[in-house]
Amino acid sequence: MNLIFLGPPGAGKGTQAKVLEQRFGYRQVSTGDILRANVREGTPLGVEAKGYMDSGKLVPDELIIRMMEPVLDAAGDVILDGFPRTTTQAEALDELLRRKRKSAAAVLFAVDPSVLTERLTGRWTHAASGRTYHVRHNPPKLPGIDDQTGEPLIQRPDDKEETIRTRLAEYDALTAPLIAYYDDPADPRLVSVDALAPIDDVTAQLTKLVSGNVSRNGAA
Ligand code: AP5
């Protein structure tokens, strides 16, 4: 079963996707990481996406949908981390899944918005892998250094308070409606985890869901 991680910026989607990748063999597909790699490499997609990302706005649907189609061709179960983010993207994903005879369940990271700014301003990232740390909640062994590679960590340019405000507003306006989309009584496929809990507790909740195999009606 493919998983769609749904939740606001800073809810912990990337953190947990990395853990599930290691424990259960999922492949994390983070649209944010793919876009940032394109920005670093200066590809036409990266050049077009950069302005939107720097300001905290969503990148236009058509660019994202074109980028995602080949990603879903690969074999194996994926965690879609950061996609879909609009109703248009969700409808396009449903169409892609139908064509490829695959299915997906959505996991909502339910979290109180009051914790998100502190999580994002305290985040440090290993740019090449997308691995994240937090100064208080998940510090690296050596400050500013990635545990696995020994390379320096960076702070994402969009993790500034002003940009975070725009990202949260974009989430409320464009992405939050997907909760109802996936919780449609006619075809419920949404489960949720308490993402306010400490990192290890959220992992335990997800492990339970994944071990019980998330079913299309939302029950674990
Ligand atoms: P993207 O990279 O996807 O960013 P995001 O959705 O804003 O999500 P984040 O990576 O900020 O949060 P997360 O939930 O993964 O949190 P994390 O685990 O790191 O997108 C960036 C931009 O790309 C967008 O603004 C947009 O421009 C563009 N984009 C991407 N996808 C797009 C799409 N589909 N359509 C259009 N545009 C798109 O955790 C955050 C911090 O909190 C970390 O420091 C972590 O250590 C800590 N933490 C995690 N869990 C906990 C916990 N339980 N308790 C305490 N601390 C925790």
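User: Which residues does Q16 touch, leaving out those up to four places away in sequence?

Analyst: With residues up to four places away left out, Q16 touches F5, F109, I199, V202, T203 and L206, where contact means heavy atoms within 4.5 Å. This is a predicted model, in which local features need pLDDT of at least 70 and side-chain atom pairs count only at pLDDT 80 or more, whereas totals for chains, interfaces and linings use all residues. Residues are numbered from 1 along each chain as its sequence is written, and side-chain values use heavy atoms, with hydrogens and water left out.

User: Why is Q16 called buried?

Analyst: Buried means under 20% relative accessible area, exposed means over 50%, and partly exposed lies in between, with a 1.4 Å probe and protein chains only. The relative accessible area of Q16 is 3%, so Q16 counts as buried. Q16 is found in helix α1; helices (H or I, at least four residues) and strands (E, at least two) are DSSP runs, numbered from the N terminus.

User: What makes V210 buried, and which residues does V210 touch?

Analyst: V210, whose place is in helix α9, has a relative accessible area of 12% and is therefore buried. Apart from residues up to four places away in sequence, V210 touches L3, L20, F24 and Y26. The contact with L3 joins residues that are 207 apart in sequence, while their C-alpha atoms are 9.4 Å apart in space.

User: Why is strand β1 described as mostly covered?

Analyst: Strand β1, residues 2-6, is called mostly covered because five of its five residues are buried. N2, I4 and L6 point one way from β1 and L3 and F5 the other way, and all are buried.

User: What makes β4 and β3 partners of β1?

Analyst: Two strands pair if DSSP finds at least two bridges between them. Five bridges join β1 to β4 (residues 104-110), and these strands run parallel; three bridges join β1 to β3 (residues 78-81), again running parallel. Both counts therefore satisfy the criterion for pairing. In β4, A105 stands opposite L3, and in β3, L80 stands opposite I4.

User: Why is R101 called exposed, and what is its phi?

Analyst: R101 has 79% relative accessibility and so counts as exposed. Its place is in the loop between α5 and β4, and its phi is positive, about 55 degrees, although R101 is not a glycine.

User: Which peptide bond is cis, and what is its omega?

Analyst: The bond joining F83 and P84 is cis, with omega about 0 degrees. P84 has its place in the loop between β3 and α5 (87-99).

User: Why do T125 and I145 receive the labels buried and partly exposed?

Analyst: T125, in strand β5 (residues 123-125), has 7% relative accessibility and therefore counts as buried. I145, found in the loop between β6 and α7 (161-175), has 28% relative accessibility and so counts as partly exposed. With neighbours within four places in sequence set aside, I145 is in contact with P140, G150, E151, P152 and L153, and T125 touches residues including G130, R131, L153 and R156. The C-alpha atoms of I145 and H126, 19 residues apart along the chain, are separated by 8.3 Å.

User: What makes the pairs formed by G10, R36 and R119 with the ligand polar contacts?

Analyst: A polar contact is a pair of N or O atoms within 3.5 Å; within protein, one must be able to donate a hydrogen and the other to accept it, and residues adjacent in sequence count only if both atoms are side-chain atoms. A backbone N or O atom of G10 lies 2.9 Å from a ligand oxygen, and a polar side-chain atom of R36 lies 2.9 Å from an oxygen atom of the ligand. For R119, a polar side-chain atom lies 3.3 Å from a ligand nitrogen.

User: How many residues surround the ligand, and which element gives the most to this shell?

Analyst: Of the 36 residues around the ligand, T15, K57, R85, R123 and R167 come nearest, where near means that a heavy atom lies within 4 Å. Helix α2 gives the most to the shell, with four residues.
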